[in-house]
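Thanks for coming, everyone. Please have a look at the structure on the screen, and I will walk you through it.

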Amino acid sequence: MTDLADPTSFDRFAAEYDRFVSLLPGQNSAWVTGLGVKGERAIDVGCGSGHAAERLADDFGQVLGVDLSEPMIAIARERRSRPNLEYRVADLFEVDDEGFDLVYSHTMLHRVRGFPAEIRRVGLRDAWFELRFWHSKPWLEHLLSDRYLSRAQFREIYGTVFPGAEYDDLGFALAMRWKDERGG
């Protein structure tokens, strides 16, 4: 479902990236600020060095900027701090879901493929829950510790216990159908 970025990928060129974005004033926030949306709480997901988060602080009582890159957040705190603006080195999935009037992300959520389709399928609240669940520490630890059978191994092992079983490929797993023909 997802394809997450390497948390250190921007660390290597944080200062250069900040300078690059500085040469394009408003490019990453003009659209959203042009909508005239105002409110109490906003979050900038993947805020980088804080350009858009700083701009959002003009229109929202509280703004939270989150990014995986520590050097980017350091630049944001140093160059773009405001009393109503908090920057946090954090994974999107660690952010408390207290609700936001605006969730903003520029060139970041494309790294989480499938999320827009899930929003359409189950709604924002449940899609957000799914996204956080799939990337939660307990689930990831489970995936790392679990040992899955290949399709061939599955057929071989289950076929010895359930002779004549039929299998359906569900994409993510095999399903087995079996009817005990031994009678009795």
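Let's start with one residue. Aspartate 18 counts as buried, because its relative accessibility is 1%. Buried means under 20% relative accessible area, exposed means over 50%, and partly exposed is in between, with a 1.4 Å probe and protein chains only. Where does aspartate 18 sit? It is found in helix α1, residues 14-22. Helices here are DSSP runs of H or I with at least four residues, strands are runs of E with at least two, and both are numbered from the N terminus.

What does aspartate 18 touch, leaving aside its neighbours within four places in sequence? Its contacts are Ser49, His51, Ile75, Arg79 and Arg80. Contact means heavy atoms within 4.5 Å.

A word on the model before we go on. It is a predicted model: local features need pLDDT of at least 70, side-chain atom pairs count only at pLDDT 80 or more, and totals for chains, interfaces and linings use all residues. Residues are numbered from 1 along each chain as its sequence is written, and side-chain values use heavy atoms, with hydrogens and water left out.

Now the overall plan. The protein has eight helices and six strands. From the N terminus on, the order is α-α-β-α-β-α-β-β-α-α-α-α-β-β. Of the 184 residues in the protein, 30% are buried. Take the contacts between residues at least 6 apart in sequence: 50% of them join residues at least 24 apart.

Next, the sheet. Strands of a sheet pair through backbone hydrogen bonds, either parallel or antiparallel. Which order do the four strands of the open sheet take? The order is β3-β2-β1-β4, and the pairing is parallel. Two strands count as paired if DSSP finds at least two bridges between them. β3 and β4 (102-104) stand at the edges with a single partner strand each, so one side of each has no neighbour in the sheet. The twist averages 15° from one strand to the next.

Look at β2, residues 60-67. Six of its eight residues are buried, so to speak of it as mostly covered is fair. How many bridges join β1 to β2? Six, and the two strands run parallel; β1 is residues 39-45. One bridge pairs glycine 39 with phenylalanine 60 in β2. Between the two strands, the chain passes through helix α3, residues 51-56, and this β-α-β crossover is right-handed. Right-handed means this: with the strands pointing away from the viewer, the path from the first strand over the helix to the second runs clockwise.

On to β3, residues 85-89. Five bridges pair β3 with β2, again in the parallel sense. Here aspartate 67 has valine 89 in β3 as its bridge partner. The chain gets from β2 to β3 through helix α4, residues 70-79, and this crossover is right-handed. α4 lies across β2 and β3 and runs at about 160° to β3. For these angles, axes are lines fitted to C-alpha atoms, for helices over the stretch in contact, and angles run from 0 to 180 degrees between N-to-C directions.

Back to α1, which meets α4. Their axes come within 9 Å and cross at roughly 50°. That makes α1 oblique to α4. Under 35 degrees counts as roughly parallel, over 145 as roughly antiparallel, 65 to 115 as roughly perpendicular, and the rest as oblique. The crossing is right-handed. For a crossing, that means the near helix is turned clockwise from the far one by less than a right angle; anticlockwise would be left-handed. Which residues make the contact? Ala14, Ala15, Tyr17 and Asp18 from α1, with Pro71, Met72, Ile75 and Arg79 from α4. So our buried aspartate 18 is part of this contact.

Alanine 15 is in α1 too. Is it buried or partly exposed? Partly exposed, at 43% relative accessibility. Alanine 15 and serine 49 are 34 residues apart along the chain, yet their C-alpha atoms are separated by 8.6 Å.

One more helix pair: α5, residues 115-122, and α6, residues 124-134. Their axes come within 7 Å and cross at roughly 135°. α5 and α6 are therefore oblique to each other. This crossing is right-handed. Among the residues that meet are Phe115 and Ile119 in α5, and Trp128 and Leu131 in α6.

That's my tour. Questions, please.
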